[in-house]
Every structure is written in structure tokens, then in C-alpha cells.
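Trainee: Please take a close look at a single part of this structure with me, beginning with one residue and what surrounds it. I would like each term explained when it first comes up.

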Amino acid sequence: MRAVDRSVLQRIRQRLVRLYGDEALPRLMHRLDLIVGRYGVGTNCPDGEVCARWDQGDAVLICYGDMISAERRENGAEPPLATLRRFLGMHVGDAISAVHVLPFFPYSSDDGFSVIDFRAVDQALGGWQEIQRLGEDYRLMLDLVINHVSSQSHWFRAYCNGMAPERHYFIEVAADTDLSAVTRPRTSPLLRSVQTPTGEHQVWATFSQDQVDVDFSNPDVLFEFLDILLFYAFNGAQIIRLDAIAYLWKEIGTACIHLPQTHELVKLLRDVLEMLQPGMVLLTETNVPHAENVGYFGDGDEAHMVYQFSLPPLLLHALSTGNAAYLTDWAANLAPPPPGCSYFNFTASHDGIGVRPLEGLLPQDEFDALVASVEQRGGLISRRGNPDGSATPYELNITYFDAVGVPGDLDASIDRFLCSQTIALSLQGVPGIYFNSLLGAANNLAGVEQSGRARTINRQKWSESELTRMLSAKSRHQASRVLPEYLRRLHLRRARPAFHPDAPQRVLDLPAGLFGMRRDALDGGERLWMIANLTDAPLSLAMGRIDRGWKRHHWTELIAGWSCVAEELSPKLPLAPYQVVWLVHGNQRDDDST
């Protein structure tokens with residue numbers, strides 16, 4: 001057993017006092033002792049060892065538990081979670097290191113994010129044994145849907161019936177309260193009316209009338225979620241995604257987003273994990289402007305990882321226009337994460353492409369043109385309410401393949417899509433890859449029509465036989481070309497020390513049609529350049545712009561697979577439309593390179 005670090009324990013005490021006051025501390029520390037006794041200490045990191053949370057071999061696949069369904073087998077229907085594991089073993093293997101299984105709990109809406117029971121697996125997907133078996137093959141990333149619960153949950157039903165302790169778990173607000181300062185991520189009503197034994201009450205519901213916010217000013221709610229968090233760890237979770245964490249703490253008269261108490265609570269969760277499960281990773285999901293998003297690193301004492309939310313729309317803009325200027329400016333000014341922290345680099349997820357992270361990064365006319373281009377490609381636009389009653393776009397609902405695609409030209413669409421994905425794989429941080437992107441999935445318009453929800457456009461699911469046909473060598477489906485090439489580049493990436501998530505990056509000053517950077521291995525043993533052509537025309541780049549001493553070296557390009565001495569290399573590096581190169585060289589001398 002790992003000894004408890006007293007400095008961590010002291011931080012926990014201080015955070016509990018800041019949140020709930022001195023008088024509550026003895027009772028809360030006693031409850032923490034009970035949790036320690038229930039779940040044990042230090043089960044995944046030997047005493048005295050530093051836990052390495054990531055390396056260049058890490059890539060996270062994001063998927064639903066029922067992304068793939070099997071046809072009936074001899075002994076009955078196979079649970080979708082088991083089918084997912086089998087499919088990944090057959091078709092993906094070790095190209096990825098972790099799987100983010102989106103909420104697999106019993107739920108009432110929002111494709112899993114309106115949780116009825118946090119400690120149960122939806123029987124339609126399988127059971128905890130399927131989750132644990134998946135965790136034998138890959139690191140598990142699970143959601144802690146911490147801001148709200150389903151209106152059909154036991155907690156909310158108990159509240160409606162006036163039962164303790166749940167009658168104190170929710171936020172009641174007088175109907176005439178001025179809530180105009182509250183930041184809204186949706187256009188739905190903020191409050192929900194509900195009948196209780198003490199009469200009609202208005203309760204807080206940030207995201208929908210079915211998703212009722214819980215009250216973290218009540219420490220009982222905190223300890224419910226601490227227990228759930230450690231229950232997930234007990235069942236194999238190694239990465240925890242804190243869903244919608246920015247809205248957690250409410251204080252009337254404020255924007256009710258990013259409040260100091262919310263940051264304090266994330267730090268508390270990290271301290272508890274450091275004490276009990278020191279190898280685990282906390283990832284915050286905060287789809288907000290960049291400066292607010294990276295605030296969840298704290299001083300290196302808060303989230304271990306934050307989503308790189310500005311990347312998907314900026315990369316989409318760059319490929320849509322053939323102009324990397326705004327992407328380059330953002331990346332060049334991107335501060336490295338604090339020690340022990342990293343970015344989670346993604347282009348697509350189960351949600352749409354958030355555009356609030358573009359605030360301050362893209363001029364309004366460029367933003368408007370980006371929204372229009374998504375609509376032209378069959379995408380949908382989700383909007384949020386503003387205090388003045390207006391509504392503005394907050395999310396582009398479209399698959400990333402169709403978002404960057406070239407209508408009517410499948411070859412160019414695949415090249416352009418792989419360009420986008422390879423750039424994301426090259427950035428400092430840990431890659432996150434949505435299952436639908438791994439297949440180059442197109443817009444699921446039939447699903448949108450059936451569900452009536454815009455996000456369904458990028459939430460398509462398949463039968464195993466359908467996927468088998470799509471991936472067949474004889475298939476003309478883009479998946480048969482996208483998947484093997486995507487996996488090949490992932491395997492190339494995992495072999496390069498320069499792609500370690502902590503390895504620094506330096507963005508290159510290149511012409512507007514090009515985007516490039518240099519990555520340096522932590523031990524100084526490898527230097528790697530990524531250069532991407534974001535245009536539909538051939539371009540070239542003088543080798544001297546990459547390395548002033550380029551003539552002294554033997555060069556290797558990893559993706560195309562060529563290798564040559566400098567004398568055999570043209571002074572200008574040719575780049576086909578949407579081509580990305582990964583360049584490394586031998587005989588490196590720091591004083592010769594840019």
C-alpha cells in the first residue's frame with residue numbers, strides 16, 4: 001500500500017475549508033476516511049515511483065458503447081461493448097492506447113449525458129464485466145457527468161417526494177430572481193418547474209429540462225461524486241473526463257461559469273486522486289474561449305489535461321480557405337502547458353465543432369463565412385441564447401470529413417481530411433480521435449431526421465456487417481481508404497520520441513498556404529518537422545526555411561517513406577495539394593538549425 005502524502009492531505013483539508021468552512025471540516029474528513037477505507041490507497045502506482053501519465057504511444061479513441069452492434073450469434077446477441085472490444089482488436093489494435101467510452105449508464109436523453117444511475121451499465125450495452133475486459137486491452141477513459149442528473153434519476157425522484165438527503169441535492173431559485181447575468185450554453189429555459197411536498201419550486205437546469213443541475217454547495221453532493229469517481233477507478237478507469245465542469249458552481253448575481261469554487265473543486269478532485277489513485281488523469285471539458293479553457297490547468301495543480309477546443313474550428317477555417325495565418329498565429333502564441341499537464345488535441349467528438357473558442361481569434365467576416373461554408377456542406381448550426389434575447393452560433397454540427405471535404409471529389413476529400421488529422425497528430429499533446437473520424441464518416445442526415453437533434457449528424461452507429469462491407473478491399477467507401485492510412489500514421493507517430501506529449505513545439509513562420517512546426521525530443525536525440533500544404537495547388541518550401549544547415553544532413557520523410565542525403569534533395573521541398581510531411585534528419589547540430 002502506498003503511504004498517504006501528508007502534504008496532499010493538508011491541501012485537501014484547506015480546499016474543503018475554502019468550500020464549506022472550518023466547522024464542517026472534521027465531519028468531512030471523517031467521510032473521506034471512510035472512502036479511503038472503502039477503495040484503498042495507491043492501487044495503480046507503486047510506492048516511490050513517479051507515474052508516467054502519457055508518452056508518444058498514447059492516442060485516445062472516442063466512441064459510444066454501442067457504436068457497433070453484432071448480428072445475433074449462436075448463443076444470443078453479443079453485448080455491444082463486447083463487439084466494440086472485438087472490433088478494435090481485429091481492426092485497430094495498438095494504434096490507439098486508450099478508449100473513451102462515452103456515458104454507458106442508464107439514461108433518459110442526450111445520448112447518455114442525462115444519467116439515471118451513475119453506478120450501473122445500461123443493460124442494452126452489457127455490464128461492468130465488459131467495461132473491465134475492454135480495460136484489459138486499453139486504458140479506459142470514462143465520463144464523470146458531474147453537473148447534472150436525469151429528471152428520472154433516483155436522486156431527483158427522491159427530491160420531488162421530499163426525501164432526505166436528496167431533497168437538498170438540487171438548486172431551488174425563486175421564480176422572480178434576476179438571472180440575466182448567467183452564461184447560457186443553450187436556448188432552453190434555465191429553470192424547470194417541479195411539484196414537491198412543500199409546493200411548486202423552480203430548479204436549475206442548465207442544459208435541458210431533463211438534465212437537472214446538482215448543488216455542490218451541499219457537501220453531501222460532493223461526497224456522492226467522490227464515491228462515484230473512485231468507483232470508476234475501482235472498475236478500471238484511468239482517465240476521467242469532467243463533463244460540463246465550467247458550470248458546476250452557481251452563485252446568483254454572477255455568470256455562474258468558471259467560478260473560483262469550481263476551480264477549487266477540480267483541484268480537490270485531483271488531490272483526492274493523487275492520494276488514492278496517483279496515476280489517473282483528470283481531463284476538463286470546457287467548450288469556451290481559449291483563455292478561459294486553459295485556466296483549468298490552474299498553476300499545474302488542477303486538470304492534467306484540457307481539450308484543445310480552438311483547434312477544430314481554426315483547422316477547419318485554414319483548410320476551407322487555404323490560409324493558415326490564423327491557425328499559425330494561434331499556435332505560435334500557444335503557451336506550453338504547466339509541467340505534468342498536457343493538451344488533448346482533437347478535431348471531432350460526439351458533440352459538434354464548438355465556435356466559442358474562436359472568440360478573439362477570427363474576425364467576424366471570416367467567422368460568418370466559416371458558418372456559411374458548413375451549411376453549404378450539409379451541416380447544421382446550433383445556437384445559444386444571449387442576455388439581450390438574441391441567439392448566436394455556438395456549435396457547428398457536421399462530421400469533420402464532410403466539413404473539410406471537397407464536394408464531388410472523393411480523392412481530394414480524403415487527402416484534405418487526412419491532412420487535418422495528421423496536423424492534429426503532430427501538435428504537442430495527446431491525440432483524441434473520434435470513432436466516426438477514424439472511418440471518414442459522412443453526415444448522418446437520416447439520423448437527424450429521425451431524432452430531431454442536430455448532433456445526431458455526427459453520431460452514426462453501425463452494424464458489424466455494415467462496417468465489414470465498408471472496410472472491404474473491394475469497397476468504394478472512403479472508410480476502406482481512410483482507416484488503414486490513419487492507422488499507419490498513428491503507428492509511425494508512436495515510434496517517434498519527438499511526438500512525446502511533453503516534447504516542446506516551435507511553430508514555423510511560413511507562407512499563408514503552409515502550416516508547420518518543429519518538435520524536439522525531450523532527450524534532444526530527435527528533431528522532427530511537420531509541414532502541411534493547406535491548399536489545392538502544389539507548393540514548395542525552401543529547405544533553408546526548415547533548417548539552415550540542411551545540406552549537412554541525411555533526410556528521411558516518414559509518411560511517404562523516402563530517405564536521401566542532402567545532395568540528392570532539391571533545395572525546395574515539393575508539397576502536393578493537402579500533403580503533410582514528417583521530416584527527420586541525422587547528424588543534428590543545434591547551432592545549425594532554425
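Mentor: Let us start with Tyr169, which, when its neighbours within four places in sequence are left aside, is in contact with Trp155, Asp213, Val214, Asp215, Asn218, Asp220, Val221 and Glu224, where contact means heavy atoms within 4.5 Å. Keep in mind that this is a predicted model, in which local features need pLDDT of at least 70 and side-chain atom pairs count only at pLDDT 80 or more, while totals for chains, interfaces and linings use all residues. Residues are numbered from 1 along each chain as its sequence is written, and side-chain values use heavy atoms, with hydrogens and water left out.

One of these neighbours deserves a second look, since the side chains of Tyr169 and Glu224 make a polar contact at 2.8 Å. A polar contact is a pair of N or O atoms within 3.5 Å; within protein, one must be able to donate a hydrogen and the other to accept it, and residues adjacent in sequence count only if both atoms are side-chain atoms. Tyr169 has a relative accessibility of 2%, and therefore counts as buried; the term buried stands for under 20% relative accessible area, exposed for over 50%, and partly exposed for what lies in between, with a 1.4 Å probe and protein chains only.

Along the chain, Tyr169 sits in the loop between helix 5 (154-160) and strand 6 (191-196). Helices (H or I, at least four residues) and strands (E, at least two) are DSSP runs, numbered from the N terminus. Pro165 also lies in the loop between helix 5 and strand 6, and the peptide bond that leads from Ala164 to Pro165 is cis, with omega near 0°. If you look from Tyr169 towards Ile245, which is 76 residues away along the chain, the two C-alpha atoms are separated by 17 Å.

From Ile245 we can turn to Ala244, whose place is in the loop between strand 9 (237-242) and helix 7 (260-276). Its phi is near 50°, a positive value in a residue other than glycine, and at 7% relative accessibility Ala244 counts as buried. Asp111 has a positive phi as well, of about 50°, although it is not a glycine. Asp111 belongs to the loop between strand 3 (98-101) and helix 4 (128-137), and it is buried, with a relative accessible area of 13%.

Another loop residue to examine is Gln478, found between helix 16 (464-471) and helix 17 (479-494). With a relative accessible area of 11%, Gln478 is buried, and residues up to four places away in sequence not being counted, it touches Phe401, Leu410, Ile414, Leu439, Gly440 and Ala442. For Gly440 there is a distance to note, as its backbone oxygen lies 3.0 Å from a polar atom of the side chain of Gln478.

Let us now move from loops to helices. Ala412 is in helix 13 (residues 410-426) and is buried, with a relative accessible area of 14%. Not counting residues up to four places away in sequence, Ala412 touches Val406 and Tyr578, and its C-alpha atom is 8.4 Å from that of Pro577, although the two residues are 165 places apart along the chain.

In helix 10 (residues 325-332), the residues Leu327, Thr328, Trp330 and Ala331 are buried. Seen down the helix axis, the buried residues of helix 10 fall within an arc of 165°, so they line one face of the helix; this arc is that of the directions from the helix axis to the C-beta atoms. An α-helix has 3.6 residues a turn, so residues three or four places apart point the same way. The buried residues of helix 10 pack against helix 8 (290-294), helix 9 (311-321), strand 18 (505-507) and strand 19 (514-520).
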